[in-house]
Amino acid sequence: MKRYPHVQSLPPEQHIRMVKDIFSTVTGRYDFLTHLFSFYQDVLWRRFAARKIKRCKTRRLLDIATGTADLAIEEALRHAGCLVVAMDLMGEMMALGAGKLEKRKLSHRVGLLRADALDIPFPSAIFDAASIAFGIRNIPDKLRALREMARVVVPGGQVLVLEMTRPRTRLLLRPYLFYLRIVMPLAARLFSPNPAAYRYLADSILHFPSPTDFSEMMKHAGLSPVESYSLTFGITHLFVGYKS
């Protein structure tokens, strides 16, 4: 079985190469395992995020690190008057997303684009909102990604970050750590061609900044105020920052 180094020990270039390797090996089972390991809460989390988008004046939304386009689909369904651009570096993941869009008859409203979150290929201030779900932890330079997202939204627009976090109470933290470090990797051996990917997942969650620290990072990216919503006992947070 593969072994991946700890997130904190990696230089940015190696981190990005490792993430690409991980997602290229789990693509076919990604949606199934995401639903399984979150007990389908991930679907509810994305719907909650889509509901927090408050404006659609430009009629354009941007979803970064879209993967198989689940959040982009929720946004298109929730905001019928908007077009959504869904970006990702992984063509294999977006190919699955394209199938979902065709099935839901949303291909005319959600466009897929292979592009880097650190160099968003759009002019400044053209989207009402930019979002990213469960992807910011895979980007080494998180502040640069947030600044790029802030750049492309209009003044008063939103940047939404949905991400897995650690529960803040000891009562929940111990069973959560056991689940992340022991249960999930063991279960991944049954279903995933690369179970080591789910050890990386646990590592990336545990080393993600605290909600307070990440909110401060969003403010440094030019977003204020920043709202933070604790979901499912704090195992996930939605951060919503506003471009001043």
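Which helix makes a right-handed β-α-β unit with β1 and β2? In this predicted model, that helix is α4, residues 70-78. The legends below describe close-up views of the strands and of a surface patch.

**View A. Strands β1 and β2 with helix α4.** Strand β1 comprises residues 60-64 and runs parallel to β2, to which four bridges join it. Within this pairing, Leu-62 has Val-85 of β2 as its bridge partner. Together with helix α4, the two strands make a right-handed β-α-β unit.

**View B. Burial of strand β2.** Strand β2 spans residues 83-88 and is mostly covered. Of its six residues, five are buried.

**View C. Strands β2 and β3 with helix α5.** Strand β3, residues 110-114, pairs with β2 in the parallel sense, and five bridges connect them. Asp-88 finds its bridge partner in β3 at Arg-114. A right-handed β-α-β unit is also made here, by β2, helix α5 (residues 91-103) and β3.

**View D. Nonpolar surface patch of helices α2 and α7.** Phe-32, Leu-36, Leu-190 and Phe-191 make a nonpolar patch of about 370 Å² on the surface. Helices α2 (30-37) and α7 (170-191) are the elements that give two or more residues to this patch.

**View E. Leu-36 in the patch.** Leu-36, one of the patch residues, is placed in helix α2. Leu-36 counts as partly exposed because its relative accessibility is 33%, a value that lies between the cut-offs of 20% for buried and 50% for exposed.

Note on methods:
Residues numbered from 1 in each chain as written. Predicted model: local features only at pLDDT ≥ 70, side-chain atom pairs only at ≥ 80, totals over all residues. Heavy atoms only, no water. Patch = residues over 30% accessible without salt bridge, like charges linked within 9 Å, V, L, I, M, F, W, Y side chains within 5 Å. Areas by Shrake-Rupley, 256 points an atom, 1.4 Å probe, with all protein chains shown as cover. Salt bridge = Lys/Arg side-chain N within 4 Å of Asp/Glu carboxyl O. Buried < 20%, exposed > 50% of the residue type's maximum accessible area, 1.4 Å probe, protein only. Pairing = 2+ DSSP bridges. Right-handed = clockwise from strand over helix to strand, strands pointing away.
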